[in-house]
Amino acid sequence: MNTSTVSIRRAGPVSVAASALLLLAAATPASAASVPMTLSSVAGPSGGGNTIIGTVAASAAATFPAGVTPTVQFQYVGTGSTACGSTAKAITQIAATGTTLTAGVLTVDPLDVKRISGTKIAFKVPSRSYPGSGLNATGLVLTGSQTTARWNVCVYDSDAPVGSTLLATSSYTVVLRPTITSVTPTSSPAGGGQAITVNGTGFTAVGSTSVTAAIGGTPLTNIRVAANGNSLTATTGPRTADTGLALTVTTPGGTVSSLDPDNDSNTADSPIPFNYSNGITIVPNTAAAGSSVTVDVTGAGFGQLTFVGGDSPTSSNAQVFLVSGAYNAAGNRGVAECDDVAVISDVELVCTLNLAADRLNPATSAPVPSTPVSDGAYTLTVVANGSTGAGPAANPTIVSSGSTFTVGPY
């Protein structure tokens, strides 16, 4: 076995204490400056439990040494704690004064820390107590009236809680888990465009992480969040008609569904379902008697319909009718047909309404010669099946303010 000897030259006698310090210095590795670390999530929900990836620049490839499980700590950014300590701190109880945290350190369980490479680690935000730590069972939490709290993420080079070297640092913000208290209104026409308001808590963006929302998977647009994070307004997008849909709001604190509005699967709260009605909106919505007008119809699901030019109004193909009141396949079929249907997209079609043509007989759909459509308010209706015996298969669009068409001297 080869051995090596380290000689220490000195000019005079050295005390035992001085010798110990020299040996300690020789055994302690040189400390390199810590490097900034980018987190896959810069914010997360109060209570923790989520996993985060931390990455440093490729130029710092030896930041996380092989064979060593780094120590990851969350150190609260409060009075006297504006940066990571040069060495890891022991696990301490989070202290609070009034409604604000003043101190606190949480060390991630070593079992929840994984070294991926020299530049990347994965770790779980503390969500439970550790034996002997004195910490409560809710992990990294907000306290009192806090809605956000910023913590330093500090990575050290060993499992030892004291005396290790600071390797990398970052910042993490704890935010409220979102909840929903009300949605107004709880329905939208299939063509979208409905302005809605969602009330709740925790609708707060952090940094570049924005708040998003959707209904049944269809994104909401024009989202505007109140400064206090307790409400948002948005506009629905086009979607095929359906009922019992979930409105979801996704924030840095997680995602909440209107079907579990308190965001707690362990409690029995009342769901808030959202419905998309089979409605349409038309432009223009007025015309003079005896005129011919091209109508632009917006809705949803038009791409699934089959329109045939010059088709009989009683065929089983899709049709567009001008109806007096609500459509009924057997007895109230309409007063005129909107012909020359062109499907522009799944959410838009155009057709030509000739108000001077022979009027349809509501009972049989046979044209009544020389009987143009008279003045009055009607409903433009898109049906999937124009047969007189279609029944539910007709699936007519509903009567709504958006589908009203008025014939008169305007």
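**A walk through two cores and a strand**

Start with the largest nonpolar core, which has 25 residues; select Met 37, Phe 74, Phe 123 and Tyr 172, the ones with the most contacts inside it. Keep in mind that you're looking at a predicted model. Now colour β5 (71–76), β9, β10 (148–156) and β11 (166–175): each supplies at least two residues of this core.

Next, zoom in on Phe 74. Leaving aside residues up to four places away in sequence, Phe 74 touches a crowd that includes Val 105, Leu 106, Phe 123, Leu 140, Trp 151 and Tyr 172.

From there, hop to strand β4 (residues 51–55) and show its side chains. They alternate: Ile 52 and Gly 54 are buried and point to one face, while Thr 51, Ile 53 and Thr 55 point to the other and are not buried. Which strands flank your view of the pairing? Strand β2 (residues 38–39) pairs with β4 in the antiparallel sense over 2 bridges, and Leu 39 has Gly 54 as its bridge partner. Strand β9 (residues 120–124) also runs antiparallel to β4, joined by 5 bridges; pick Ile 53 and you'll find Ala 122 as its bridge partner.

Now for the other core. It lies apart from the one built around Phe 74 and friends, and has 24 residues, among them Ala 318, Leu 380, Phe 405 and Val 407.

Last stop: Gln 319, in strand β26 (residues 319–323). Buried or exposed? Gln 319 is buried, with a relative accessible area of 3%. A polar atom of its side chain lies 3.0 Å from the backbone oxygen of Ser 312. Among the residues Gln 319 touches are Phe 307, Glu 337, Thr 381 and Gly 386.

Technical notes: Residues are numbered from 1 along each chain as its sequence is written. This is a predicted model: local features need pLDDT of at least 70, side-chain atom pairs count only at pLDDT 80 or more; totals for chains, interfaces and linings use all residues. Side-chain values use heavy atoms; hydrogens and water are left out. Helices (H or I, at least four residues) and strands (E, at least two) are DSSP runs, numbered from the N terminus. Buried means under 20% relative accessible area, exposed over 50%, partly exposed in between (1.4 Å probe, protein chains only). A polar contact is a pair of N or O atoms within 3.5 Å; within protein, one must be able to donate a hydrogen and the other to accept it, and residues adjacent in sequence count only if both atoms are side-chain atoms. Contact means heavy atoms within 4.5 Å. Two strands pair if DSSP finds at least two bridges between them. A nonpolar core is a set of buried Ala, Val, Leu, Ile, Met, Phe, Trp, Tyr and Cys residues joined through side-chain atoms within 4.5 Å.
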